[in-house]
Amino acid sequence: MTTYIARRLLTVIPTLLGVLLAVFLMVRLAPGDPAQLLAGEFATPETLADIRQRFGLDQPWHVQLALYAANVARGDLGQSVRTRKPVSYELSQYFPNTLRLTLGAMLVALLIGIPAGILAALRPGTIFDLLAMLGALIGVSMPVFWFGLMAILIFSVQLGWFPVAGTGTLWHLVLPAITLGTGTAAILARMTRSAMLEVLSQDYIRTARAKGLAGRVVVFKHALRNALIPVVTITGLQFGGLLEGAVITETVFAWPGIGQLLVGSILARDYPVVQGAVLLIAVAFILINLVVDLLYGAIDPRIRYD
Amino acid sequence: MRFRLLAALALGLGLSVGLAQTRTLVIAQGTDPTSLDAPLATDSPSATVVNHVVETLFNYTPEGKIEPLLVERYSFSSDRKVLTLTLRKGIKFHDGTELNAEAVKFNLERLVSQELASSFAFLLRGRVSAIETPDPLTVRLRMPEPFAPVLAHLTHSSTGIQSPAAIRRLGAGYRDNPVGTGPYKFDRWQKGQFVELVRNDDYWGKKPAIERLRFLAVPEATTRMALVETGQAHVAVRVPPQDVQRLSARPEIDVVTTPSVRTIFLYFNQTKKPFDDVRVRKAINHAINKEEIVRFVLGGFGRASDAPISPGIFGYTKIGSYDYNPDLARQLLAQAGFNAQNPLRFTLSSPNGRYLQDIRVAEAIQSQLRAVGVQAQIQTLEWGAYLAASNQPRERNEFQVAMLGWGTVTGDADYGLFGLFHSSQHAPNGFNRGFYANPRLDRILEQARVATNPQARQQLYRSAMQIIYNDAPWVFLHAEQQVTAIRREVQGFVVHPTERLIASGASFRTSAER
């Protein structure tokens, strides 16, 4: 187990290097001069030269890349061009908020998606099944942006139940978490339903019922545990999707997360922050996948790591 | 939620005396400030916050006047190369240190320093050669040549005077902790959420009525409007055109429009044929219906230009605009050799998403030009690439006709005219990106820099703008307008033409006044 984790962690390094190179090239291949964007439309040539020199933008690409890689290895992600603060500081200010939002959304998704999927699978073809799956279809098709604005207009402006935007209390989290979590809830509901349906038709379920076990035990102990493997996989992958959806949700609700930071930095060509944020998201994604892999073993003892 | 509670509490306690108001004024801006260090606060949300904390030597009033602020009086030497400033006595920074001549020298030298790399270094770089401090309240600025607009440049927020002691003590941390002499003191900054300021009870001038200001960062316009509608914010910037009617209909909200100093225009690249021909330039000016664009594309939130700069800028006078006259446009084009058999074709470059409805404006122009037989093809580039392309030297500049905007943020015509129309300012050295040149205009713009008599300068700028109008190096389109939603319980809140918000003079109305 330990060697497995160590091996998995080692394979993370080339992945990260790949991400680093891809992001580095991507932001530089995009048209536009960061110094010009920073200085505004009518900056003087001297100002542009000052800014280029200040941020090393006058160096050739390969020199910039080598410097960057060496600094990252030392844990230095560089300095934001816009705010002139260390990138790691910027990320530390925004990432915890994204984490809270994503976890909140995941909680919403799990609390709605899995029970709805189980209930729909237990009563296939009934009106409940139909409604649950229709709801899932709507949930998955609805644009996050529109859903968020509607939520604000109805629950904040009309009814006055929740604050419009910002963070601070648990109340602030409710609308953004529901907005972001609904799509994932829908996917989880559909996934749980089909996995459960498949397991429920297996022979051992019939055996379990035949030997007189209570319905609850059959469903939760025998069926659900076996249906969980694909659900866990999807949940892990959805985490990545949530980080992506968080960009939009954060904009709508003025939620100070990494998505808002990223969008602002891309528009301003703040290379160091864009690189740092993407790197951080990649690391988060890789770690989540690792956790999912390890969870398989806990759910299904037949899966071994050696 | 919390605000409502507070408001209810305040009313419940019968807060009828309008003296000290403990409520917080909440202002929803589009983005979080990037820096609160005056020379680095280059965007409007940053400048807005900084302006409440840090003061400049001179003040540019919303009416377009330049008045002494930290300075008590000033004088120019007879050769106009020395500006002597006498500072007000007894002003202290928020950290208790004294505002003196040394502090002014420190700040102005810091602004132009290469190490800081401020994009507003140009305001003083090359214009002021030495700063002397003969006594603690006197500052002498020596200039290599007379430069009358220097007063206007000293109103710009990047020239704000900040505490040298705090800058030295805090180092890089200073940008999160501005220390000035202003009516409000910095309190805290929750990154990505809000900046909060608290009243400076030792302020040297008129003390503000409201105790706290909170500037929220809310990028999505609909969300900003919802904040004002629910009373969770008192002011919201940039009301989208489609929301104006709905918000105005609410009795508790005022929708206020303020002209901006930003002018939107098309420029002709005069090194490209046929744009070297004034008849073609005039024809295109006559073929474009600016009023229609303002009304239908901008939803009425603009002002058709009647001069190269906007009202509210020192030196502005109404010059006139090319009236919409398609027949005259066709005639002028025919004289220049274009007709149905040989139509004028060119590429119209436009940014997309930089200015209010920019690409829609370009599309409207395209269809209006089609009506006089001109075929314009719209080209749009990502903003960074667009700027770089428009800033190429003449032999490599591919733009033919292109849209740009210019904000005369100093409030002085020099900044709006010299850099854009003087022949020494051809790209990439300056901002004259159409390579326009007129020696007579050059001379007048040079004289206006040297003249220190305001009336004489005003007169010179009038003649300059008349020449520009006659030469038609631009299509004069419109000036943008700022549309702000303000709740009725707030009075005295100012939206400045330089896109800054000023809350220092604001107060909450008591319920009886409402």
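**Two chains, seen from Leu216(B)**

Let me begin with a single residue, Leu216(B), which, once residues up to four places away in sequence are left out, touches Gly166(A) and Ala254(A) on one chain, and Val26(B), Ile27(B), Ala28(B), Gln29(B), Phe194(B) and Ala233(B) on the other. Please keep in mind throughout that we are looking at a predicted model, and that its scores are an ipTM of 0.73 and a pTM of 0.80.

Leu216(B) also belongs to the largest nonpolar core, which holds 209 residues, and it is among the members that touch the most other members, together with Ala277(A), Ile27(B), Ala28(B), Ala236(B) and Ala464(B).

One of the partners I named, Ala254(A), deserves a second look, and you will find it in the loop between α10 and α11 of chain A. Its phi is near 50 degrees, which is a positive value in a residue other than glycine. Is Ala254(A) buried or exposed? Ala254(A) counts as buried, because it has 25 C-beta neighbours inside 10 Å, and the cut-off for that label is 20 or more.

Chain B offers a residue of a similar kind, Phe435(B), which is not a glycine and yet has a positive phi of about 60 degrees. Phe435(B) sits in the loop between α13 (413-421) and α14 (439-450) of chain B, and it counts as buried because 21 C-beta neighbours lie inside 10 Å. While we are on the backbone of chain B, notice also that the peptide bond from Lys273(B) to Pro274(B) is cis, with omega near 0 degrees, and that Pro274(B) is placed in the loop between β12 (253-268) and α8 (278-287).

Now let us turn to the contact between the chains, where 44 residues of chain A meet 40 residues of chain B. On the chain A side, at least two residues each come from α2 (34-39), α3 (45-54), α5 (87-122), α7 (144-158), α10 (215-252) and α11 (258-267). Which helix gives the largest share of that side? The answer is α3(A), with six residues. Sorted by class, the side of chain A that touches chain B has 22 nonpolar, 14 polar and eight charged residues.

From helix α7 of chain A, I would like to pick out Val144(A), which is partly exposed because 19 other C-beta atoms lie within 10 Å. Apart from neighbours within four places in sequence, Val144(A) is in contact with Thr179(A), Leu180(A), Gly183(A), Gly245(A), Ile248(A) and Thr249(A).

Chain B itself is assigned three parts: domain 1 (2-30 + 183-258 + 482-513), domain 2 (58-166) and domain 3 (262-480). The centres of domain 2 and domain 3 of chain B, taken over C-alpha atoms, are 33 Å apart, and 13 residues of domain 2 are in contact with 14 residues of domain 3. The domain 2 side of that contact has eight nonpolar, four polar and one charged residues.

Finally, a word about confidence, beginning with chain A, whose mean pLDDT is 82 and in which 94% of the residues reach 70 or more. Within chain A, confidence is lowest in α2(A), at a mean of 68, and highest in α5(A), at 89. Chain B averages a pLDDT of 88, with 95% of the residues scoring at least 70, but over residues 1-20 of chain B the pLDDT is below 50, although this stretch has 15 contacts in the model beyond near neighbours in sequence.

Notes. Residues numbered from 1 in each chain as written. Chains lettered and ligands numbered in written order. Predicted model: local features only at pLDDT ≥ 70, side-chain atom pairs only at ≥ 80, totals over all residues. Contact = placed C-beta atoms within 7 Å. Helix = DSSP H or I, 4+ residues; strand = E, 2+ residues; numbered from the N terminus. Nonpolar A, V, L, I, M, F, W, Y, C, P; charged D, E, K, R; others polar. Buried ≥ 20, exposed ≤ 12 C-beta atoms within 10 Å, placed from the backbone. pLDDT = per-residue confidence, 0-100. Core = buried A, V, L, I, M, F, W, Y, C linked by C-beta atoms within 7 Å. Domains from an automatic or database assignment.
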